[in-house]
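Reader: I am new to this structure. Please take one part of it and look closely, then show me how the rest fits around that part.

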Amino acid sequence: MHILEIYKYPLYYEIAFQYRDIEGECDFLESQLELQATTSNRRILDIGGGTGMHVVEFARRGYEVHSFDIVPEMVDWVKKKCKQQGLEKVKVWIGDMTDFKQRLHYGLAINMLTTFNYLLTNEDIIHHLKAVADVLDKGGLYIIELTHPRDCLGMEKSTLNQWLERRGDIVVEVDWDYEVHPVDPITQVQERLVKIEVQEGENRRSFKMKQLNRILLPQELKALVACSGAFEVVDIFGTFKEDIKLDSSRKSWRMIPILRKL
Ligand SMILES: C[S@@+](CC[C@H](N)C(=O)[O-])C[C@H]1O[C@@H](n2cnc3c(N)ncnc32)[C@H](O)[C@@H]1O
C-alpha cells in the first residue's frame with residue numbers, strides 16, 4: 001500500500017482541498033439517500049474520510065456519522081476537530097478499506113475524492129465491495145466519487161491539476177500530476193507524481209510523492225459490482241448534481257456511481 005506523505009499533514013491537505021463545495025456534495029449525497037435507499041437507517045460511514053470534511057458537515061446536519069482512515073494523523077485531526085465543535089455523534093478510527101469489519105450497520109457509505117482508485121486489483125475491489133456490503137443494511141447505498149473515464153483514457157483533462165490555496169500565513173501550492181507515467185496496459189495501474197509546496201511564514205517545505213492509481217472504466221466497474229454479488233448499480237452521475245448523469249459532455253467531469261445493497 002502506497003500512502004502519500006501529505007496525508008500525514010492534515011492541515012496542509014485540508015488547505016489544499018478547501019476549494020471544494022462540501023455542503024453541495026453533502027446535499028447531493030443526502031438527497032440520493034432519501035431517493036434511492038430502501039432502508040430507514042440514516043447512520044453514515046465515510047471510508048477513507050481524510051480530514052473529515054464530509055463527516056463534520058453531516059454531523060452538523062444531525063446525522064450519526066462514522067469514519068475511518070488508514071493514516072493515524074488524519075484520524076486524530078478529525079477527533080480534535082469534532083471535539084472542538086462539540087459534534088458528539090461522530091466516531092473515527094484507524095482502518096484499512098481493503099479489509100475491514102464493523103459491528104454496526106449503516107444506511108449510507110461514501111468514498112470521496114477518488115480514494116477508491118487506491119484499490120489496485122480486481123480482487124481488492126471485489127473484497128472491498130463485499131466488506132462494505134457487510135456493514136450496510138439491505139437497500140443501503142454506497143456512493144463513490146471516481147475519475148471521469150475521459151481522464152482515465154488520457155483523452156482530455158476534466159480537472160485543473162495545478163492550483164494554490166491559502167489560509168492565514170500558510171500557502172499551499174499543488175501540482176497534482178506533475179509527472180504522469182503511461183498506464184501499465186496489463187495491470188491498469190498508473191504511476192503519477194504529486195508535488196506540494198507549503199510556505200508557512202518563513203518556512204518552506206516541499207513534498208514530492210509517488211501515487212499509484214487503478215484506472216477504472218464504467219463498463220468494468222459495472223462488471224466488478226456484478227461480480228461482488230452484493231450491489232446493484234442504480235445510477236451513475238457525472239458530478240454532484242441530480243440532473244447531470246455520466247456522459248461525454250463537459251458538464252460531466254466525475255464518475256459517481258450509486259450502488260444499492262441487494
Ligand atoms: C484523496 S484523500 C480523500 C479524503 C476524504 N475522503 C476527502 O474527501 O477529502 C484519500 C484518503 O484516503 C486515505 N486512504 C488511502 N488508502 C486507504 C486505505 N487503504 N484505507 C483507508 N484509508 C485510506 C488517505 O489516508 C486519505 O486520507
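Author: What follows starts with a strand hairpin and its surroundings, then moves outward to the rest of the chain.

The model is predicted. Take strand E8, residues 170-180. Strand E7 covers residues 162-167. The two run antiparallel and are joined by six bridges. Arg-166 stands opposite Val-171 of E8. The hairpin of E7 and E8 has two residues between its strands. Gly-168 has a positive phi there, near 55°.

E8 has a further partner. It pairs with strand E9, residues 189-200, again in the antiparallel sense. Eight bridges hold that pairing. Ile-170 stands opposite Glu-200 in E9.

Now pick one residue. Val-172 sits in strand E8. Is Val-172 buried or exposed? Val-172 has 26 other C-beta atoms within 10 Å, and the cut-off for buried is 20 or more, so Val-172 is buried. Which residues touch Val-172, once neighbours within four places in sequence are left aside? The contacts are Tyr-12, Ile-15, Ala-16, Glu-165, Ile-196 and Val-198. Distance can be checked too. Val-172 and Ile-236 are 64 residues apart along the chain, and 33 Å separate their C-alpha atoms.

Some of those names return in the cores. The largest nonpolar core has 58 residues. Leu-108, Ala-109, Tyr-142 and Ile-143 have the most contacts inside it. Another core, of nine residues, lies apart from that one. Its members include Tyr-12, Tyr-13, Ile-15 and Val-198. Back in the largest core, Ala-109 is worth a look. Beyond its neighbours within four places in sequence, Ala-109 is in contact with Leu-45, Ile-47, Val-132, Leu-136 and Tyr-142.

Next, the domains. Domain 1 takes in 5-149 and 217-261, and domain 2 takes in 151-214. Their centres, taken over C-alpha atoms, are 21 Å apart. At the boundary, 15 residues of domain 1 are in contact with 18 residues of domain 2. Helix H1, residues 10-16, gives the largest share of the domain 1 side, with three residues. By class, that side has 10 nonpolar, four polar and one charged residues.

Turn to helix H3, residues 53-60. Why is H3 largely enclosed by the rest of the structure? Six of its eight residues are buried, so the helix is largely enclosed. Those buried residues are Met-53, His-54, Val-55, Val-56, Phe-58 and Ala-59. What do they pack against? The helices are H2 (22-36) and H4 (72-84). The strands are E1 (44-47), E2 (65-69), E3 (90-94) and E4 (106-111). After H3 comes Gly-62, with a positive phi near 100°.

The loop between E3 and E4 holds Gln-102. Gln-102 has 16 other C-beta atoms within 10 Å, so this residue is partly exposed. Gln-102 and Leu-29 are 73 residues apart in sequence. Their C-alpha atoms are 22 Å apart in space.

Last, the ligand. How many residues are around the ligand? There are 19, and Gly-48, Gly-50, Ile-70, Met-97 and Met-112 come nearest. By class, the shell has 12 nonpolar, five polar and two charged residues.

Conventions: Residues numbered from 1 in each chain as written. Predicted model: local features only at pLDDT ≥ 70, side-chain atom pairs only at ≥ 80, totals over all residues. Near = placed C-beta within 6 Å. Nonpolar A, V, L, I, M, F, W, Y, C, P; charged D, E, K, R; others polar. Buried ≥ 20, exposed ≤ 12 C-beta atoms within 10 Å, placed from the backbone. Helix = DSSP H or I, 4+ residues; strand = E, 2+ residues; numbered from the N terminus. Contact = placed C-beta atoms within 7 Å. Core = buried A, V, L, I, M, F, W, Y, C linked by C-beta atoms within 7 Å. Domains from an automatic or database assignment. Pairing = 2+ DSSP bridges.
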